[in-house]
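Q: Please choose one part of this structure and look at it closely. I should like a single connected account that explains its terms along the way.

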Amino acid sequence: MNVRVQTEAFDFGLEANNFATAQTDMGAIVTFLGIVRNLEETNLSYMDIEHYPGMTEKAIYKITDEAANRWSLGDILVIHRYGRLSTDDLIMMVATASKHRKDAFEAAEFLMDYLKSRAPFWKKEATDQSQDWVVSKVEDESALKKWQ
Amino acid sequence: MIDVLYFAWVRERIGKTKETVETEAETVAGLVKELSERGQRYALAFSDLGSLRVAVDQELLDFDASLKGAREVAFFPPMTGG
C-alpha cells in the first residue's frame, strides 16, 4: 500500500504503468484520476487545496486498510495533491490491483467515496470575482451508506 | 493544555491556524462553549455545529467526545477531498 500526499505534480501514465508492472500475480488494475474542473458560470482562476498535515496520511491509510480488509487486493496506490492548482491539473489518483476485476472496481469506488468526505482536504475555488470554499454535497455523505 | 487547530473557513473566520488553550472542559462540546465566549469571531464560527466537524488527536469524532487525555483538537467544515 502506498499513500502520497504532495504538492508536486504527478505523471498519471507513469504511475499507472509502474503500479501495473509491479504486480506479480494480479490480473486487474483499476485507476481513477481526479482533475480540476472549470466552473459552469465563470472561469476558475485557480483552486487551493488545504489539508491537515499529520492527520491526512493517517486518515487515508485507515481507508486503504479498510479496503484491503473488505476486498481481495494485491496493492493500493493513493496520490493526493494539495496547494494551488489550475484548471485541468491532476488532483489525485487511486489505483487498485486484484486477481479479478470485481475486487479492483469495487475497492476503487469505495476508496473514492471515503476519500471524498473522510480525508481532511478542503477545496477553495477562486475566480476574478470571489474565492469560495467548495461545499460538501449531501450525495457525498449518502454515498457512504451503501458501504455500511 | 490543548492545541486547538482550525482549517478552511473556520480558520478564516477565527483568524488563526492554531492556538494553545487552557481548558477544564470534559467534552468537545464543552470546549466549543468556552471558545464561543471568546468573542464574535468565535461565536460566529461555532454558531452552527451541524456545519462543522471535529477531530480529537487526529481522529474524526462527535461533539460529545471526551477530551480526557486529548492533546490536539481540530475544527473544520465537512471535507471536500477527492
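A: The second largest pocket receives at least two lining residues from each of three elements: α2 (55-70) and α3 of chain A, and β4 of chain B. Helices (H or I, at least four residues) and strands (E, at least two) are DSSP runs, numbered from the N terminus. A pocket is an open set of points on a 1 Å grid over the protein atoms alone, where a 1.4 Å probe fits and protein lies on both sides within 12 Å along at least five of seven lines; lining residues have an atom within 4 Å of a point. The model is predicted, with pLDDT of at least 70 needed for local features and 80 or more for side-chain atom pairs, while totals for chains, interfaces and linings use all residues. Residues are numbered from 1 along each chain as written, chains are lettered from A and ligands numbered from 1 in written order, and side-chain values use heavy atoms, without hydrogens and water.

The space in this second largest pocket is about 290 Å³, a volume being that filled by probe spheres set on grid points joined across faces, edges and corners. α2(A) makes the largest contribution to the lining, 6 residues. Among the lining residues of chain A are A:Met55, A:Lys58, A:Glu66, A:Phe110, A:Tyr114 and A:Arg118. Chain B is represented by B:Gln58, B:Glu59 and B:Leu60. By type, the lining comprises 6 nonpolar residues, 1 polar and 5 charged; Ala, Val, Leu, Ile, Met, Phe, Trp, Tyr, Cys and Pro count as nonpolar, Asp, Glu, Lys and Arg as charged, and the others, Gly among them, as polar.

The strand β4(B) also belongs to an open sheet of 5 strands, ordered β2-β1-β5-β3-β4 in chain B, with mixed pairing; two strands pair if DSSP finds at least two bridges between them. β4 (59-61) and β2 (18-21) of chain B are at the edges with a single partner strand each, so one side of each has no neighbour in the sheet. At the β2 edge, β1 (residues 2-6) of chain B runs antiparallel to β2(B), and 4 bridges join them. In this pair, B:Leu5 is opposite B:Lys18.

The largest pocket offers a comparison, with a volume of about 540 Å³. Among its 24 lining residues, those closest to the centre are A:Arg37, A:Lys116, A:Lys123, A:Glu125 and A:Lys137. β2 (28-35), α3 (101-118) and β7 (121-126) of chain A each give two or more residues to this lining, and β2(A) gives the most, 3. This lining divides into 10 nonpolar, 6 polar and 8 charged residues.
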